[in-house]
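Colleague: I should like to go through this model with you and hear the grounds for the terms that are used to describe it. Please set each value against its criterion as we proceed.

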Amino acid sequence: MYNTNNILLTWYDANKRILPWRDYNEPYNIWLSEVMLQQTQVKTVVPYYTKWIKKFPTLKSVAESDLNSLLKLWEGLGYYSRCRNFHKATQIVVEKYKSVVPNDYKLFRQLPGVGDYIASAVLSIAYNKKYPAVDANLKRVISRYLGIKKLTRRNTLRIHNQLNKMLTNGRPGDINQALMDVGSLICKPNDVICIKCPLINKCKGYSYGNPIMYPDKNKRKPIPTKEYVAVFILYNDHIFINQRSEDGLLGGLWELPMIEVFENSNKIKALKTYAKNKLGLSIDILNCFDKVKHSYSHYKLLVTPFACEVSNIESKIGHWIRVGEIDKYAFSKVNHKLFNAIGIKNY
Ligand code: SF4
């Protein structure tokens with residue numbers, strides 16, 4: 001008799017992606033990988049994961065580390081709140097649960113940075129619990145499988161029900177991972193290879209023709225551009241950097257201090273006022289470098305770096321570091337682009 005789950009698992013056993021965290025179904029490894037994989041492609045995550053595990057082989061080693069060392073390893077992966085939350089969460093696990101990742105959904109879900117998806121993915125893969133790990137990938141695959149066009153509340157519930165039905169065998173974690181792999185390898189957002197798909201015999205999207213039409217895609221809103229000016233101060237082979245507050249975008253990372261400017265505003269005046277009021281530094285502008293562009297998911301950034309000189313070096317906040325020490329600090333991608341625009345390596 002035709003059994004979708006068995007076919008899916010047979011396909012998974014023969015075709016699953018070889019990924020370093022799949023070597024062992026350790027809760028810590030699975031959890032770390034799922035945190036890194038949020039909003040990030042597998043091929044980007046693999047080298048970060050490998051480097052991280054080498055330096056922090058256990059959950060306890062993460063909990064005992066300082067945040068700066070973790071952010072340095074995370075540098076370039078983006079969405080830095082994931083790293084901060086993971087750090088806090090590991091500390092709670094060490095203190096409250098004797099370093100054992102809780103296998104109870106409610107307890108695990110209460111940890112910083114753990115949402116429904118991460119809780120379900122980790123508990124199903126590492127502890128074999130029957131929780132469907134519903135992310136955009138699985139939603140797309142099951143929408144096509146059920147022939148769902150609109151992701152209404154009712155249809156989202158149908159997707160969850162279908163997944164719950166699929167998890168009623170002895171390998172819920174593998175079913176979740178099989179569907180993740182189908183979504184990643186075969187049933188992609190704009191491309192499907194249905195003849196290779198283990199779900200083809202019961203897939204309504206396939207039988208209706210043109211499965212890519214399922215589900216309806218959200219129309220992309222135009223992405224706004226924000227403009228910033230950055231201060232680059234070189235003083236006796238030292239540069240001035242500032243650490244972003246831990247909350248919010250790029251929290252905890254270091255940067256050349258920068259401020260948003262608006263259309264028709266006087267950039268130089270804005271920069272001087274910012275340096276005086278926020279940094280406590282009196283600056284004179286020497287010259288500006290090429291603008292740097294960077295894209296985040298919700299907006300684009302355009303930053304003009306200005307070389308400045310200072311008449312005082314005591315600042316309210318921030319830090320003077322030697323140019324050669326840049327690699328010791330975690331900076332965002334846009335800051336590395338600024339360093340390139342400035343040609344800082346040549347200083
Ligand atoms: S048969 Fe095609 S549309 Fe259906 S789940 Fe598989 S790849 Fe996607």
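Colleague: What makes helix 3 and helix 5 roughly antiparallel to each other?

Modeller: In this predicted model, the axes of helix 3 and helix 5 come within 10 Å and cross at roughly 150°. Angles over 145 degrees count as roughly antiparallel, and helix 3 and helix 5 are therefore described in that way.

Colleague: Which residues make the contact, and how do they divide by class?

Modeller: Helix 3 contributes Tyr48, Lys51, Trp52 and Lys55, while helix 5 contributes Leu70, Leu73 and Trp74. By class, the contact of helix 3 with helix 5 has five nonpolar, no polar and two charged residues.

Colleague: Which residues of helix 5 are buried?

Modeller: Helix 5 spans residues 67–74, and its buried residues are Leu67, Leu70, Leu71, Leu73 and Trp74.

Colleague: How do you know that the buried residues of helix 5 line one face of the helix?

Modeller: Viewed down the axis of helix 5, the buried residues fall within an arc of 160°, so they line one face. In an α-helix there are 3.6 residues a turn, so residues three or four places apart point the same way. The cover over the buried residues of helix 5 includes helix 2 (27–37), helix 3 (42–55), helix 4 (59–63) and helix 6 (81–97). Just after helix 5, glycine 76 takes a positive phi of about 100°.

Colleague: Why is asparagine 29 called buried?

Modeller: Asparagine 29 has a relative accessible area of 8%, and the criterion for buried is a value under 20%; asparagine 29 is therefore buried. This residue is in helix 2. Its side chain is joined to that of tyrosine 49 by a polar contact of 3.0 Å. Apart from neighbours within four places in sequence, asparagine 29 is in contact with Trp21, Tyr24, Tyr49 and Ile53.

Colleague: Let us turn to another pair of helices. Why is helix 9 called roughly perpendicular to helix 11?

Modeller: The axes of helix 9 (residues 136–146) and helix 11 (residues 172–185) come within 9 Å and cross at roughly 80°. The range for roughly perpendicular is 65 to 115 degrees, so helix 9 is roughly perpendicular to helix 11. On the side of helix 9 the contact is made by Asn137, Leu138, Arg140, Val141 and Ile142, and on the side of helix 11 by Asn176, Leu179, Met180, Val182, Gly183 and Ser184. The residues of this contact divide into six nonpolar, four polar and one charged.

Colleague: What is unusual to note in the loop after helix 12?

Modeller: The loop between helix 12 (204–208) and strand 3 holds proline 215, and the peptide bond from tyrosine 214 to proline 215 is cis, with omega near -20°. Asparagine 210 is also placed in the loop between helix 12 and strand 3; it has a positive phi of about 55° although it is not a glycine.

Colleague: What makes asparagine 236 exposed?

Modeller: The relative accessibility of asparagine 236 is 63%, and exposed means over 50%; asparagine 236 therefore counts as exposed. Asparagine 236 lies in the loop between strand 3 and strand 4, and its phi is near 50°, a positive value in a residue other than glycine.

Colleague: By contrast, why does threonine 304 count as buried?

Modeller: Its relative accessible area is 5%, set against a limit of under 20%, so threonine 304 is buried. Threonine 304 lies in strand 9. Leaving aside neighbours within four places in sequence, its contacts are Glu227, Tyr228, Val229, Ala230, Cys288, Phe289 and Lys291.

Colleague: What puts the buried residues of helix 14 on the same side of that helix?

Modeller: In helix 14 (residues 333–342), Val334, Asn335, Leu338, Phe339 and Ile342 are buried. These residues cover an arc of only 150° around the axis, which puts them on the same side of helix 14. The strands they pack against are strand 3 (225–235), strand 4 (238–243), strand 5 (254–255), strand 6 (258–261), strand 8 (292–295) and strand 9 (300–310). Glycine 343, just after helix 14, takes a positive phi of about 75°.

Conventions
Residues are numbered from 1 along each chain as its sequence is written. This is a predicted model: local features need pLDDT of at least 70, side-chain atom pairs count only at pLDDT 80 or more; totals for chains, interfaces and linings use all residues. Side-chain values use heavy atoms; hydrogens and water are left out. Buried means under 20% relative accessible area, exposed over 50%, partly exposed in between (1.4 Å probe, protein chains only). Helices (H or I, at least four residues) and strands (E, at least two) are DSSP runs, numbered from the N terminus. The arc is that of the directions from the helix axis to the C-beta atoms. Contact means heavy atoms within 4.5 Å. A polar contact is a pair of N or O atoms within 3.5 Å; within protein, one must be able to donate a hydrogen and the other to accept it, and residues adjacent in sequence count only if both atoms are side-chain atoms. Axes are lines fitted to C-alpha atoms, for helices over the stretch in contact, and angles run from 0 to 180 degrees between N-to-C directions. Angles under 35 degrees count as roughly parallel, over 145 as roughly antiparallel, 65 to 115 as roughly perpendicular and the rest as oblique. Ala, Val, Leu, Ile, Met, Phe, Trp, Tyr, Cys and Pro count as nonpolar, Asp, Glu, Lys and Arg as charged, and the others, Gly among them, as polar.
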